[in-house]
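User: Please give me a close look at one part of this model and what packs around it. Keep it brisk, and work outward from there to the rest of the fold.

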Amino acid sequence: MLQKLLLLILICYATADKIETDGRGGGYSLFTWKWDDVHTVYLISVWLLVASLAKILFKLMKPISHILPDSSLLIIVGLAIGYFLNQTSLSGTSLDSHTFFLYLLPPIIFDAGYFMPNRALFENFDSVLLFSVVGTLFNTFAIGGSLMFMAGYGVFTVEFSLFEIFVFSALISAVDPVAVIAIFEEIHVNEFLFINVFGEALFNDGVTVVLYQMFKSFAVIGADNLSAFDYAMGGLSFFVVALGGAAIGVIFTIVVSLATKYSFDVKIVAPVFIFVLPYMAYLTAEMVSLSSIIAIAVCGMLMKQYVKGNISPSAVNSVKYFTKMLAQSSETVIFMFLGLSTISSDHHVDLYFIIATVAFCLIYRAIGIVGQCFVLNKLRGKKFSIVDQFILSYGGLRGAIAYGLVVSMPASIKAKPMFITATIVVIYFTVFLQGMTIKPLVNCLKVKRKEDRDPTMAESVYLKYLDYMMSGVEDIAGMKGHYTFIENFERFNAKVIKPVLMRHEKRQSFDATSIIRAYEKITLEDAIKLANTKSTIQNKRLEKIKSNARNIENRVQPSSQMTVTPKDAQLKRYVESGENIDILYKLFSDLLDRKLSEMNGGEVPRFTLTGTSSEDDIQDDYMAELGSRSNVNTVHRSLEALPSDQTFNRGRRQSTGGLKRTEFNV
């Protein structure tokens, strides 16, 4: 009671001055109009509400939704709201760069990192790194140099310095991950193309921000005041800022994993750590002038596999939904404000500068992609075809990052209004024209689409077997490739990292015998199909398999050092008798599924007898999201109905070997 009274006194004291100020002797007012106190937040809330309703309406209007991507529709809504606000007394609402970089951008980048398919990214890391670093550098200097060359002849109406145009060319060279995801999710391109465009879009943002900050500092200092040491420090800062941001992401990955590991008794706070700590990684990198985009992206990519093992399945789903909600809300505000700013901002329209910027963006994007793919095709097994190179060139969409950077340019740059106008036109051109036409082009060029099915058990096992085989080939050849790195990382991850960062994970030795057990399962499944068809050819094949097994057993006598386990003895009796093969398969399937569930650190999945299983509205990464819309629910059996045998459970080796259908997380 005393605490409540004290709280009431504090509230009264805090509001006393405001009451004295507002009250002008006119008596007590029941209602007061306080629009100035809430108008900014209220308008943003209205934007979100209108955009959400507009999305529903656009999805119902099939002809429009099939032609226009969601991002362009949001821009149209923003244009409508901006026109309305401009015609009323509500005009003047603005969204500054400070709000953009500290509040709206982090959820989008964290969403991109958290749902990144890490295995596909690692397999194409060479091309992604080349496109995001070398490609961004090439486009920045090529576009900036070409525009500066034209400015030397007095073509443009506003003058600018060399470093000022490089500031603009750095931000206009960035491929936007939000626009890429929005467009490429709708056209369902194959994994190879998607991961290269998406990976480039995610990481070149960090490169772009580094170049932007460096050239902006050079522009403020002035070319006459710069020394060779300044240029050297600027070049060095490119690597320090990028690698420093990645290091901060790794540090906060460890922190968030440990925090969720020991929060099991207080489950409600685990999602708080998952969202707050990556955001703190972003703020920390921003505070020390490192790449905040790379920091939060790396943190999201690395923390996913460890966090999922530390929280409950319901919390995992909650994190997925909340992450998507934050990212979509931020994207909505950004694109709507892009339309709003077209109406409300002060523009300087220079037609020659706009046409030159759009043309140079298209030309140098194509030249860069073709040149880099030529080099990559000489060095890697998976080649980029002509069609792949065209889609990569055409898929270089610009969006929120470019706009956020251009509005944050210093006011001392006289050409800033012209740069803002050109940036908005480039974004409109890529989002509307390229976004609308890329789907018909994909259909016309017959680009390979993502397969709308999950990999079979055989495909999953043999892909894993291929990793081990290629690792052995690399070891025999005396070279260290990415297959060797995968194997070494899995060993280190199983022995060191997971026991430290995850609950219920013990230090285990790496064991690949799960491959053999899975092969036995597949073989027995094939035997069941052969037995059920009862055809002459299949029966002869089964008899041949049995006779070969007996011949091998007769030729090879077991030595005194060989151990015959109870499982081997029972398997031999079942195969020789030819009876109860269905029960034997179910035993193997049951045991393998339970082992996979244990290795994944989750509960054994239970399915109903109706033969249907629930699907998540939000998949674990963007690769799964591409094929989730047309997947057919597979029929699963109830685990309670499966028989069990203690003989098979005894003597089974514990394994950290890879039969999980998960992405390789690096």
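Analyst: One cut-off first: a residue counts as buried when its relative accessible area is under 20%, and as exposed when that area is over 50%. Asp388 has a relative accessible area of 12%, so Asp388 is buried. The model is predicted. Asp388 lies in helix 16, residues 386-394.

Start with what surrounds Asp388. Leaving out residues up to four places away in sequence, Asp388 touches Phe192, Leu193 and Lys383. Val370 is 18 residues from Asp388 along the chain, and their C-alpha atoms are separated by 10.0 Å. Phe192 and Leu193 fall within helix 10, which runs over residues 191-221. That helix is the part to examine closely.

Phe194 also lies in helix 10. Its relative accessible area is 0%, so Phe194 is buried. Phe194 and Leu392 are 198 residues apart in sequence, yet their C-alpha atoms are 9.0 Å apart in space. Leu392 falls within the residue range of helix 16.

Now the helix as a whole. Helix 10 has 31 residues, and at 1.5 Å a residue these should span 45 Å. The C-alpha atoms at its ends are 45 Å apart, which agrees. Even so, helix 10 bends by about 30° at Asn204. Most of helix 10 is covered, with 25 of its 31 residues buried. Just past its end, Gly222 has a positive phi of about 100°.

Next, its packing partner. Helix 10 packs with helix 13 at an angle of about 155°, and their axes are 8 Å apart. An angle over 145 degrees counts as roughly antiparallel, so helix 10 and helix 13 are roughly antiparallel to each other. On the helix 10 side, the residues that meet helix 13 are Leu202, Phe203, Asp205, Gly206 and Val209. Their counterparts in helix 13 are Ile293, Ile294, Ala297 and Met301.

What leads into helix 13? The loop between helix 12 (270-287) and helix 13 (292-308) holds Ser289. Ser289 is not a glycine, but it has a positive phi of about 65°. With a relative accessible area of 55%, Ser289 is exposed. Helix 12 itself has 18 residues and reaches 25 Å from first C-alpha to last, close to the 26 Å expected. Its buried residues include Ile274, Phe275, Leu277 and Tyr282.

Helix 10 also feeds the interior. The largest nonpolar core has 140 residues. Helix 10 gives the most to this core, with 17 residues. Leu147, Phe168, Leu171, Phe184, Phe215, Phe353 and Phe419 touch the most other members. Phe215 falls within helix 10. Setting aside its neighbours within four places in sequence, Phe215 is in contact with Thr140, Phe141, Phe163, Phe166, Val167 and Ala170. Apart from the largest core lies another, of 5 residues, among them Tyr306, Phe489, Leu501 and Met502.

Several of the contacts of Phe215 point to helix 8. Phe163, Phe166, Val167 and Ala170 are among the buried residues of helix 8. In helix 8 (residues 162-172), 10 of the 11 residues are buried, so the rest of the structure largely encloses it. Its buried residues pack against helix 10, and also against helix 7 (125-151), helix 11 (228-261), helix 15 (351-379), helix 17 (400-407) and helix 18.

Helix 18 leads on to one more pairing. Helix 4 (residues 70-86) packs with helix 18 (residues 416-444) at an angle of about 125°, with 9 Å between their axes. That makes helix 4 oblique to helix 18. Ser71, Ser72, Ile75, Ile76 and Leu79 in helix 4 meet Tyr428, Val431 and Phe432 in helix 18.

Finally, the whole chain. The protein has 26 helices and 0 strands. Of its 666 residues, 47% count as buried. Among contacts with a separation of 6 or more, 82% join residues 24 or more positions apart. Helix 10 sits in this setting as a mostly covered element, bent at Asn204, roughly antiparallel to helix 13 and packed against by the buried residues of helix 8.

Definitions and conventions
Residues are numbered from 1 along each chain as its sequence is written. This is a predicted model: local features need pLDDT of at least 70, side-chain atom pairs count only at pLDDT 80 or more; totals for chains, interfaces and linings use all residues. Side-chain values use heavy atoms; hydrogens and water are left out. A nonpolar core is a set of buried Ala, Val, Leu, Ile, Met, Phe, Trp, Tyr and Cys residues joined through side-chain atoms within 4.5 Å. Buried means under 20% relative accessible area, exposed over 50%, partly exposed in between (1.4 Å probe, protein chains only). Helices (H or I, at least four residues) and strands (E, at least two) are DSSP runs, numbered from the N terminus. Contact means heavy atoms within 4.5 Å. The expected span of a helix is 1.5 Å times one less than its number of residues. The bend at a residue is the angle between axes fitted to the seven residues ending there and the seven starting there. Axes are lines fitted to C-alpha atoms, for helices over the stretch in contact, and angles run from 0 to 180 degrees between N-to-C directions. Angles under 35 degrees count as roughly parallel, over 145 as roughly antiparallel, 65 to 115 as roughly perpendicular and the rest as oblique.
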